[in-house]
Amino acid sequence: MLIDTERLKVGDREAWSERERYDSVLSRSPRLARLEEQSVGLLQGWLGAHPDAFVSMSWGKDSVVVGHLASLAKPDVVLKRARVADWEPAESDWVRDKFLVDHPSVGYEEAVYDGRVPQR
């Protein structure tokens, strides 16, 4: 999903469209299904062995993938985000909101800090 924002540059929509077609082909790959199954199995083992575990989220593409895989492994997995007030792009919140609608069983916690995020 491409987020429509003023930050898009000339050619971004065309490039996104090309990548969507490529992703559509890849999404039907048996190899990708096996990798997803393997990842979910590993996460189930790890999350099962660590009952207080959570997934740290920035709402960038990498953490969204890990959050999705973790939710497949444990539907009530806890996701946490540490963010700086008035610093991070609004688009991150749009991604978060869409993800939480699509994954209603996950737990979500967010800590907002003034200034620098301590974990960074």
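Biologist: Why is lysine 74 called partly exposed?

Modeller: Its relative accessible area is 29%, and the term covers values between the limits for buried, under 20%, and exposed, over 50%, as computed with a 1.4 Å probe on protein chains only, so lysine 74 counts as partly exposed. This is a predicted model, in which local features need pLDDT of at least 70 and side-chain atom pairs count only at pLDDT 80 or more, while totals for chains, interfaces and linings use all residues. Residues are numbered from 1 along each chain as its sequence is written, and side-chain values use heavy atoms, with hydrogens and water left out.

Biologist: What makes the pair of lysine 74 and aspartate 76 a salt bridge?

Modeller: The closest N and O atoms of the two are 3.8 Å apart, and a salt bridge requires a side-chain nitrogen of Lys or Arg within 4 Å of a carboxyl oxygen of Asp or Glu, so the pair qualifies. Aspartate 76, at 45% relative accessibility, is likewise classed as partly exposed.

Biologist: What makes the bridge between glutamate 110 and arginine 81 a tie between separate parts of the chain?

Modeller: Glutamate 110 belongs to strand β3 and arginine 81 to strand β2, so the pair ties together parts that are 29 residues apart in sequence. The closest N and O atoms of this salt bridge are 3.5 Å apart. Arginine 81 is buried at a relative accessible area of 2%, whereas glutamate 110, at 30%, is partly exposed. Both residues also take part in a network of salt bridges that links Arg81, Arg83, Asp93, Arg96, Asp97 and Glu110, and the structure holds 10 salt bridges.

Biologist: How do you know how far along helix α4 aspartate 102 and lysine 98 are separated?

Modeller: They are 4 residues apart in α4, which means a separation of about one helical turn. Their salt bridge has its closest N and O atoms 3.0 Å apart; aspartate 102 is partly exposed at 43%, and so is lysine 98 at 37%.

Biologist: Why is glutamate 91, which is also placed in helix α4, called buried or exposed?

Modeller: The relative accessible area of glutamate 91 is 14%, so this residue is buried. Not counting residues up to four places away in sequence, glutamate 91 touches Ile3, Thr5 and Arg7.

Biologist: What makes β1 and β3 the edges of the sheet?

Modeller: The 3 strands form an open sheet in the order β1-β2-β3, with parallel pairing. Each of β1 and β3 (107-113) has a single partner strand, so one side of each is left without a neighbour in the sheet. Helix α4 packs on the sheet, touching β2 and β3, and its direction makes about 165° with that of β2. As for β1 and β2, 2 bridges join them, and strands pair if DSSP finds at least two bridges between them, so they count as paired. Serine 56 stands opposite lysine 80 in β2.

Biologist: How do you know that the length of helix α3 agrees with what is expected?

Modeller: At 1.5 Å a residue, its 13 residues (61-73) should span 18 Å, and the end C-alpha atoms are 19 Å apart, which agrees. The buried residues of α3 are Ser63, Gly67, Leu69, Ala70, Ser71 and Ala73, and they pack against α2 (30-49), β1 (55-56), β2 (78-84) and α4 (90-102).

Terms used. Expected span 1.5 Å × (residues − 1). Contact = heavy atoms within 4.5 Å. Axes fitted to C-alpha atoms, helices over the stretch in contact; angles between N-to-C directions.
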